Amino acid sequence: MLPQFSITGNGGGNADEFAWMFRSGGPFSTIVGGVTQPIFEGGTLLHTKRAADAALKQAAAQYQSTVITAYQNVADTLHASLSDAEALAADVEAENSAKVTYDLTRRQMEVGYVNYLALLSAETAYNQALLTRVQAQAIRYGDSIALFQALGGGWWNRKELAAR
C-alpha cells in the first residue's frame with residue numbers, strides 16, 4: 001500500500017575527445033531516484049489488508065476460546081476432585097463402621113449370641129464397603145491425573161529436563 005522508493009547512483013565520465021577522458025574534472029556522477037505507487041490495483045491492496053485484519057481477529061478469538069476452555073477444564077477437574085474427596089471420606093467412614101460391625105458380630109458369634117449367617121452378612125457388608133472405598137480411592141487418583149492433564153501435563157517429558 002505504500003510507495004516504493006528506488007535510488008540509483010552511477011559514477012563515471014564522458015568526454016567528446018580522447019584527451020579529455022583523463023583531464024581533472026572530467027569524470028562525473030549521476031544519481032537518479034524513482035518513486036512507484038500502485039494506482040490501479042482494483043482494490044486488491046485494500047482487500048488484502050482487510051483479510052489480514054480478519055485473520056488476526058480470528059486468531060485472537062481462537063486463542064481466547066482455547067484459554068477459556070483450558071480454564072473450564074481446570075475448574076471442572078477441581079470440582080470433580082472436591083466432590084470425589086467428599087465421597088471418599090464418606091466411603092472411608094462407611095468402611096470403618098462396617099469393620100466395627102463385623103468385629104462385634106464375630107465376637108458375638110464366638111460367645112454364641114448370633115449365628116453364622118449374621119456373621120456372613122456382616123462380613124459381606126464389610127467387604128462391600130471396602131470395595132466401595134477402594135473404587136472411590138481409584139476415582140480420586142484418576143482426578144489427580146486429570147488435574148495434571150488439565151494444567152498442561154507432560155512437564156516431565158520436556159527435552160530440557162532430559163538433557164540435564
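Among contacts in the protein between residues at least 6 apart in sequence, what percentage join residues at least 24 apart? In this predicted model, the figure comes to 61% of those contacts.

**Overall makeup**

The secondary structure consists of 3 helices and 2 strands, and these elements follow one another along the sequence in the pattern β-β-α-α-α. Of the 164 residues of the protein, 11% count as buried.

**Helices H1 and H2**

Helix H1 covers residues 44-111, and helix H2 covers residues 116-150. The 68 residues of H1 should span 100 Å at 1.5 Å a residue, and the end C-alpha atoms of H1 are 99 Å apart, which agrees with that expectation. For H2, with its 35 residues, the reach from the first C-alpha to the last is 51 Å, close to the 51 Å expected at 1.5 Å a residue. Each of these two helices is followed by a glycine: just after H1 comes Gly112, with a positive phi of about 95 degrees, and after H2 comes Gly152, whose phi is also positive and lies near 125 degrees.

**How the two helices pack**

The axes of H1 and H2 come within 8 Å and cross at roughly 160 degrees. Because angles over 145 degrees count as roughly antiparallel, H1 and H2 are therefore roughly antiparallel to each other. Their crossing is left-handed, and the residues of the contact of H1 with H2 divide into 23 nonpolar, 7 polar and 9 charged.

The buried residues of H1 are covered by elements that include H2, and what covers the buried residues of H2 includes, in turn, helix H1. In H1 the buried residues are Val74, Thr77, Ser81, Asp84, Leu88, Asp91, Glu95, Ala98, Tyr102, Asp103 and Thr105. In H2 they are Leu119, Ala122, Tyr126, Ala129, Arg133, Ala136 and Asp143, a list in which Arg133 and Asp143 appear together with residues such as Leu119 and Ala129.

**Two buried positions of H2**

Which residues does Tyr126 touch, not counting residues up to four places away in sequence? Tyr126, which has its place in helix H2, touches Glu95, Ala98, Lys99 and Tyr102 on that count. Among these, Glu95, Ala98 and Tyr102 are listed as buried residues of H1. Tyr126 itself has a relative accessibility of 16% and therefore counts as buried, since buried means under 20%.

Ala122 also lies in helix H2, and at 9% relative accessibility Ala122 likewise counts as buried. Leaving out residues up to four places away in sequence, Ala122 touches Thr101, Tyr102 and Thr105, so that Tyr102 is touched by both Ala122 and Tyr126, because it stands in the contact list of each. Of the residues that Ala122 touches, Tyr102 and Thr105 are buried in H1.

The table sets out C-alpha to C-alpha distances for two pairs, each of which includes one of these H2 residues.

| Pair | Separation in sequence | C-alpha to C-alpha distance |
|---|---|---|
| Tyr126 and Lys99 | 27 residues | 5.7 Å |
| Ala122 and Arg106 | 16 residues | 8.5 Å |

Lys99, the partner of Tyr126 in the table, is also among the residues that Tyr126 touches.

Notes:
Residues are numbered from 1 along each chain as its sequence is written. This is a predicted model: local features need pLDDT of at least 70, side-chain atom pairs count only at pLDDT 80 or more; totals for chains, interfaces and linings use all residues. Side-chain values use heavy atoms; hydrogens and water are left out. Helices (H or I, at least four residues) and strands (E, at least two) are DSSP runs, numbered from the N terminus. The expected span of a helix is 1.5 Å times one less than its number of residues. Buried means under 20% relative accessible area, exposed over 50%, partly exposed in between (1.4 Å probe, protein chains only). Contact means heavy atoms within 4.5 Å. Axes are lines fitted to C-alpha atoms, for helices over the stretch in contact, and angles run from 0 to 180 degrees between N-to-C directions. Angles under 35 degrees count as roughly parallel, over 145 as roughly antiparallel, 65 to 115 as roughly perpendicular and the rest as oblique. A crossing is left-handed if the near helix is turned anticlockwise from the far one by less than a right angle, and right-handed if clockwise. Ala, Val, Leu, Ile, Met, Phe, Trp, Tyr, Cys and Pro count as nonpolar, Asp, Glu, Lys and Arg as charged, and the others, Gly among them, as polar.
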